[in-house]
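Hi everyone, and thanks for making the time. I'd like to walk you through one chain, starting with the whole and then stopping at a few places along the way.

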Amino acid sequence: MDYRPSKKFKKTALGAAAVLVLVALNAPAAISFAEDKYHAYKIGQTSYRIQYGSWGLVGLPEEYRINAMHAALLHTGKVLLIAGSGNNQKNFDKGTFDTVLWDPRDDSFKKIPTPEDFFCAGHSQLPDGRLLVAGGTARYEVLHGKVTRAGGRMRVKNENPDKAVKLRKGTRFRSPSGVEYEARFDVVVPRARKKFEITYGHGGQVMPWRTTVVAAESRVFVEAVKPGAEGLTTEAAQYEVVGLTGKDADNVYGLAERLSADKQDFQGIKSAYEFDPVAEKYLRVDPMSDARWYPTLVTLEDGRVLAVSGLNDVGDVVPGDNEYYDPRTKKWSKAPFHYFPTYPALFLMQGGKLLYTGSNAGYGPKTKGREPGVWDLATNEFRKVGGLAEPDRLETSSSLLLPPAQDQKVMVLGGGGVGESKLSSSRTAIVDLKEENPVFRSSARLPRATRYLSSVLLPDDSVFTTGGSADYRGRSASDIHKAQFYYPRTDSFVAAADPTVGRNYHSEALLLPDGRVATFGSDPLFADKDNTRLGKFEHRLEVYSPPYLYRGEDRRPVLGEGPEELGADGRATFAAVHPERIERARLMRPSAVTHTTDVEQRSIELGLTRTDDSVTVEVPQDPTLVPPGWYMLFVTDADGTPSVAKWLQVKAPDPAAPRGVSGHSLARRASPRA
């Protein structure tokens, strides 16, 4: 019988022959071409995707390409991407601030009017589903050698007990020698405080009250009006406020100790807003007491938000003044004093204390506030947690509460040396917070030393890690185009498909309601290995589909309708297709992430019972384990294949409830994809 090759075989043979010809003509280029074609073929195979998953780029129209510094998943299923000025001085000077809303269900986009520069702000999920955004940028840094005008902190005093004083941006302060400096921002100085003291005469008799006035004080950053050395000062002096006369001139004055031409750091703002996911707009709330740039915001068990650290309005790290935001009153109040470097990773522990893992994103001395510890807000006691290997490489590390949250184990992954250090780490470590004296213990190492690693909890209780770089901001083309899964139960990493896009500084990743992972941003210093060409911000949006999405759509569990609210027993029943296949249920808090810092995400194990056509989930009634807010409810089969999430709201405890009563309740909202 004669053999006749098929058309497909002929095309393949001709293609192979063409490749051989190319190899003969230009071997290196041809080999690279052939490798790329083979790689594309390989990663497109179903067998490959079942084992490693796959990546895909989202079509992003030009008008929506922003420098995404912050990403938050909202309970509408949409993702809020915040750039502010986007680390772009020109945008800042023009007052061009950006926010984009992305809907992963149809890859549609919408621009959101952005009232202030939220570049390097903090954010946290609120109990009602709004996103609190606080802080941002008041002024860009000026590097060494580029400072032309002397500047620094001016303390503005007010000795008038009858009225506060507001000085506008541009107000001038004149030194004793006649040199003038301008305020770079508005400053409000409260009225002075009267202090009444009892005095005693000879023989102990009480004399009339003696009244003294204690001056009020605020601070503002000032710069010399004229460039040059004339404005440099090294001695403390008192400065008159130009334009004030009479008693006002006597009562209001400035004090400065040193005005220099040193590097001037970024400066923060006090502004705070809530983003309403339904109205899709920012709503102004009361400002913070302190300006903050690079702050961490973390939601507490009663629904309040704690704001810590950041650079203040004169470019200094906030020295330890922290504050609470109450979403009921929209106001801020004083919190316990404790110093942290910027963007510290703080996790709410079961019981109400906070764990600081030592992960942070930059500003602050090498020897201050870097050690991990457990912080008791009730007593302001901070107990250090030891055992962490390479503690000098925690900056730009990743931290997360491992699944399920009931295990109370927190993991630190990778990181680098302080500042522009070339040091990086492949170290991972886990602390068990249920131990009486918890310590970090080393766990499976990352495949490579990595800074800026993104770590995302998945519904199957694994951790997906991706991206990062070996050097500071991807220097020397050191982006790591690798991804992997970490499995807590076996303490092991397993390779995943390689991402197309490198991600380093200013990058984010988060879990979507359909079980995929979205990645955004990256802000490399340079674009080449020799560090000769300046880098550009990465605008491509890439989404990863884990292997569990390639097991067949008929394998995925499906949740149907359910009640709007839980009963008093904390249970809710949902219709289900093939409930006998459903093995586990997880309540997963949506991310609000920036600078690899995501203290929001957590995965809570739920009780689960089944009938012939439904499943019932039971939520732990402990607000320190399940902080109030909106959550994604996933159910999975025995292999970890997840359903599409339903959105559930855990309500804040009733402030009038007796002490010791959690007051949790749960309301269900129909999933946008259901």
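How many helices and how many strands are there in the chain? The count is 5 helices and 50 strands. Please keep in mind as we go that this is a predicted model.

Let me stay with the whole chain for a moment. It has 674 residues, and 54% of them are buried. The exposed surface comes to about 29,900 Å², with carbon and sulfur atoms supplying 51% of that. As for contacts, take those between residues at least 6 apart in sequence: 61% of them join residues at least 24 apart.

Now to the sheets. I picked two. As a reminder, strands in a sheet pair through backbone hydrogen bonds, and the pairing can be parallel or antiparallel.

The first one I'd like you to find is an open sheet of 4 strands, in the order 6-7-20-21, and its pairing is antiparallel. Which strands sit at its edges? They are strand 6, residues 122–125, and strand 21, residues 281–285, and each of these pairs on one side only. On average, neighbouring strands in this sheet are turned by 25° against each other, if you ignore direction. If you zoom in on strand 20, residues 272–276, you'll see that 5 bridges join it to strand 21, with the two running antiparallel. To get your bearings there, look for aspartate 276, which stands opposite lysine 281 of strand 21.

The second sheet is further along. Here again we have an open sheet of 4 strands with antiparallel pairing, and the order is 41-42-47-46. Strand 41, residues 558–559, and strand 46, residues 607–610, have a single partner strand each, so one side of each is left without a neighbour in the sheet. Inside that sheet, strand 42, residues 571–577, pairs with strand 47, residues 614–618, in the antiparallel sense over 5 bridges. A handy landmark is threonine 573, whose bridge partner in strand 47 is threonine 616.

Let's move to the surface. Which residues form a nonpolar patch there? Phe196, Ile198 and Trp209 do, and together they have about 380 Å² of accessible area. Phenylalanine 196 belongs to strand 14, residues 193–197. Why does phenylalanine 196 count as exposed? Its relative accessibility is 52%, and the cut-off for exposed is over 50%, so phenylalanine 196 falls on the exposed side.

Two partly exposed residues come next. Valine 494 is in strand 37, residues 492–495. With 38% relative accessibility, valine 494 counts as partly exposed. Setting aside neighbours within four places in sequence, valine 494 is in contact with Gln484, Phe485 and Tyr487. There's also a long hop in sequence to point out: tyrosine 52 is 442 residues away from valine 494 along the chain, and their C-alpha atoms are separated by 9.1 Å.

The other one is glycine 369, in the loop between strand 27, residues 354–356, and strand 28, residues 373–376. Glycine 369 has a relative accessible area of 25%, and is therefore partly exposed. Not counting residues up to four places away in sequence, glycine 369 touches Tyr339, Pro341 and Tyr356. The C-alpha atom of glycine 369 is separated by 9.3 Å from that of proline 344, which is 25 residues away along the chain.

I've kept some backbone geometry for the end. Most residues other than glycine have a negative phi, and most peptide bonds are trans. With that in mind, have a look at three spots.

Tyrosine 343 has a positive phi, near 45°. You'll find tyrosine 343 in the loop between strand 25, residues 331–334, and strand 26, residues 346–348. Is tyrosine 343 buried or exposed? Tyrosine 343 is buried, because its relative accessible area is 2%.

Glutamine 408 also has a positive phi, near 55°. Glutamine 408 is in the loop between strand 30 and strand 31. At a relative accessible area of 3%, glutamine 408 is buried.

And what is the peptide bond from proline 403 to proline 404? That bond is cis, with omega near -15°. Proline 404 is in the loop between strand 30, residues 398–401, and strand 31, residues 409–413, and glutamine 408 is in that loop too.

That's my tour. Thanks for listening!

Notes: Residues numbered from 1 in each chain as written. Predicted model: local features only at pLDDT ≥ 70, side-chain atom pairs only at ≥ 80, totals over all residues. Heavy atoms only, no water. Pairing = 2+ DSSP bridges. Axes fitted to C-alpha atoms, helices over the stretch in contact; angles between N-to-C directions. Buried < 20%, exposed > 50% of the residue type's maximum accessible area, 1.4 Å probe, protein only. Contact = heavy atoms within 4.5 Å. Areas by Shrake-Rupley, 256 points an atom, 1.4 Å probe, with all protein chains shown as cover. Patch = residues over 30% accessible without salt bridge, like charges linked within 9 Å, V, L, I, M, F, W, Y side chains within 5 Å. Salt bridge = Lys/Arg side-chain N within 4 Å of Asp/Glu carboxyl O.
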